[in-house]
Amino acid sequence: MESSNNSLDDVSADGSGESADRASVMETRLQAQEDEITLLKSSLADALRRIHLHEQLLPVLTQQLIAVNPAAARIINQVCCHDSIHGGRQPRNSLRTKSDYLVLPKRQIKPLKKKTVSSANLLCQSPNLENRAREPMANSGSRRGTYSQEQSIKMFIRGRPITMYIPSNIQNYEELKMEPPSERLELDWIYGYRGRDCRANLYFLPTGEAVYFTSCVIVLYHINNRTQRHYRKHTDCVRCLTLHPDKVRIASGQTAGVDKDGKPVQQCVHIWDSTTLVTLQQIGLGTFHKGLGSVAFSTMDSGVFLCVIDDSNEHMLSVWDCTKGTKQAEVKTTNEAVFAVEFHPADSTNIITCGKSHVHFWTLSSGQFTKKQGIFGKYKKPKFIQCFVFSLTGEVLTGDSEGNILTWGKSAADIKTLGKGAKETFQIMRQTKAHEGSVFTLCLLQGGAVLSGGSKDRKIIRWSADLAPERECEIPENFGAARTIADMDGEEVLVGTTRNAILRGTFSEGFVAVVQGHVDEMWGLATHPSINVFLSCGHDRQVCVWNTEEHKLDWSITLEDYGLCADFCPNGSVVSVGLSTGRWVVLDMLTRAVIADFVDGNEQLSVMRYSPDGSCLAVGSHDNFIYIYNVTENGRLYTRFGRCNGHSSFITHLDWSKDGGYIMSNSGDYEILYWDIAAGCKLLRNRFESKDREWASYTCVLGFHVMGVWLEGSDGTDINALCRSHSESVVAVADDFCKVHLFKYPCPKPKAPSHKYEGHGSHVTNVRFTHCDSHLLSMGGKDMSIFQWRVIRPNSSSSTASSEPSSSS
């Protein structure tokens, strides 16, 4: 059982990323197929519902027509015949117009009397229907909007028409000019660290800054001053990092990525100045076919050479001359995972690599590599060699999945056994039992002592130069195990953990977290209504409350199920969190206790939203219903009031009107519906009447006021979240392409211009403005990072330490 657990840890830490990439592709394809099936099911349910409605209304309308003109019965029969011949297909969300009903097969065309035509109009203008005679006919070839002089507009998503009515205060829609907002965003802070599946990604600079990465950004965090700077030249998730012997220059590489057209991005190693954040060199541009897994500078010659391991199937090892930017040599290493690479500190022609079931010793001579494989001999061959360091005497110390530290040295050639041409080999000189489970990391201290970090026992052990144990401590379970260790001053160290935290401390005083983050995909995000606090939740079942001023985690709790959505009560004393099982809980912000616990349906909840005065709570579910609760006693007592029933697919977003009497909602099949809550959660079938209603918040991704945020050719899932600022001047958008957009509000016309911001390495799942609109929070789904953006307004001053030019589209 123990070896099985170790294997799981080791596989999750695979530095090559090859299997992860393949799994990601398959997962993406599977998700796309599941989404398509969901939409098809929703479309079928919607069609059946509308057919049933049509069948119910048709007899009533027929009787009305016959009462007015008995000759109309013949027309009804002809219309029904025409529908049966042509399949009765009509654009979704649009009832038939007069012209549709007058089109008959040629052999049945007969002149209609004037009175008969007037009677036929009842079919499309009956007050019992949704009053859609105002809508123009859809242009099936268009993906964008079509305008009607009757004050409605259609946009198309995946060929489906979505009708939106133009508010009364807009007189000349065609003359509206769309402009980018005067506000801009500046990256202020990043919450998160990638320690779950990466190694050797934490260093301490002489400036007092810790260097690490998360998503597409390398963070320089000043430990004492609590400030951040950001290197943002990477276009996809950063995977490897190394520090130059001069302690100033840094080399970094990223995973394989694609551009907006789906073509592979040219890979290279960025060498940059940690003081100025200026890129000095791009090594190997266009020569790497996959992402980069490991990088290292030579030591003996003051960092003239750089070695790189890529993420191709053969894990190519290449050596580059940094002064010339040229490749010196290249060789295939192994088809197995490679975890680390380093130059020997005393000889730049010797390179060591390690990984799954191997440790290789390479010699570079005249542009050619020769390889000697480590021989385990009488010792058990481990499944993984996780890490290695060089002792002060030049020996190689490796940590493996068996919990051992192995000391490697050269042995003389075995001429008797192997013959006269035998060469010296690297063999194990000593085995030291260090940890239960894997040895994840080794760190050489200034005086020659060694630190080791174990996986299963979560221990950090200090060893003397001759590997005698001196001191040890255990990392708290909620932080995970040590993934990498960085020496600060010989006594104090930084520890990057497998649960995406960075700890600072000593053996005598213990360790405290200086960086924390989620450890699985995130979706739920909510900002406090009156103070600089926000909440996040995700698939790791953690609910975290963060302070945006102090840039730290205030508190967190673990729930039984993972959270997907949340909202603060307007008084700020409680917060509701929707979970993956249909369950939702209410948490007290002071005591952190669960003060209410409910279940609505058995499918995941996608949105929680309090009414503006806090008297009601709406809960949107994937079972197609919106559950409404009365809220009393300052958000501590909840009573079911009703249920909104009418969507034909799962609920995605909803907003309350400013008077708290109505709700606007979106669903997975791109519906926009309106509800009269006071009237018993009644569906408002005449959506034209809601065109001038004012909304307390605007998070629905489909609506007239935000139609311009959709790009040409969007498939309906490209925008995950949207949020209007409290000042109602801008709207932020989270998309599926790792981007955050800032639009001027409202933006009701196609191709509205925006400011675009990069940095996330995964689909952006949510965005929210803080209560005073001073900052915007954006959440990366699988990059497990939360970005805090400062909102820069015209004529406002701001620091430029972490600024990055944004592009406008």
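1. Let me start with contacts along the sequence. In the protein chain, among contacts between residues at least 6 apart in sequence, 49% join residues at least 24 apart. Please keep in mind that this is a predicted model, as that applies to every point below.

2. Next, the overall make-up. The secondary structure of the protein chain comes to seven helices and 56 strands. Of its 809 residues, 56% count as buried. The accessible surface of the chain is about 34,600 Å², and carbon and sulfur atoms account for 50% of that area.

3. Strand β15 is a good place to zoom in. This strand covers residues 316-321, and six of its six residues are buried. The side chains split by direction: M316, S318 and W320 point one way from β15, while L317, V319 and D321 point the other way. Both sets are buried, so you will find the polar S318 and the acidic D321 under cover along with W320 and V319. The cut-off behind that word is a relative accessible area under 20%.

4. What lies on either side of β15 in sequence is also worth a look. Strand β14 (residues 305-310) pairs with β15 in the antiparallel sense over five bridges. Within this pairing, V308 has S318 of β15 as its bridge partner. The two strands form a hairpin with five residues between them, and H315 in the turn has a positive phi of about 45°.

5. The pairing with β16 goes as follows. Six bridges join β15 to strand β16 (residues 326-332), and the two run antiparallel. Here D321 has T326 of β16 as its bridge partner. This hairpin has four residues between its strands, and G325 takes a positive phi near 75°. If you check backbone torsions, H315 and G325 are two residues to bring up on screen.

6. Now to an open sheet further along the chain. Four strands make it up in the order β33-β34-β35-β36, with antiparallel pairing. Its edge strands are β33 (522-527) and β36 (552-558), each of which pairs on one side only. On average, neighbouring strands of this sheet are turned by 20° against each other, direction ignored. Strand β35 (residues 542-547) is joined to β36 by six bridges, and these strands run antiparallel. In β36, I557 stands opposite V543.

7. Another open sheet has four strands in the order β37-β38-β39-β40, again with antiparallel pairing. Why is one side of β37 and of β40 left without a neighbour in the sheet? Strands β37 (563-568) and β40 (594-599) stand at the edges and each has a single partner strand, so one side of each stays free of a sheet neighbour. The twist from one strand to the next averages 20°. Inside the sheet, β38 (residues 574-579) and β39 (residues 583-588) pair in the antiparallel sense over five bridges, and V577 has V585 of β39 as its bridge partner.

8. My last point concerns the surface. L44, L48 and I51 make a nonpolar surface patch of about 300 Å². Of these, L48 sits in helix α2, which spans residues 18-68. Is L48 buried or exposed? Its relative accessible area is 51%, so L48 counts as exposed, the cut-off for that label being over 50%.

Methods
Residues are numbered from 1 along each chain as its sequence is written. This is a predicted model: local features need pLDDT of at least 70, side-chain atom pairs count only at pLDDT 80 or more; totals for chains, interfaces and linings use all residues. Side-chain values use heavy atoms; hydrogens and water are left out. Patches are made of residues with over 30% relative accessible area and no salt bridge: like charges are joined within 9 Å, nonpolar side chains (Val, Leu, Ile, Met, Phe, Trp, Tyr) within 5 Å. Accessible areas come from the Shrake-Rupley method with a 1.4 Å probe; for residues, only the protein chains shown count as cover. A salt bridge is a side-chain nitrogen of Lys or Arg within 4 Å of a carboxyl oxygen of Asp or Glu. Buried means under 20% relative accessible area, exposed over 50%, partly exposed in between (1.4 Å probe, protein chains only). Two strands pair if DSSP finds at least two bridges between them. Axes are lines fitted to C-alpha atoms, for helices over the stretch in contact, and angles run from 0 to 180 degrees between N-to-C directions. Contact means heavy atoms within 4.5 Å.
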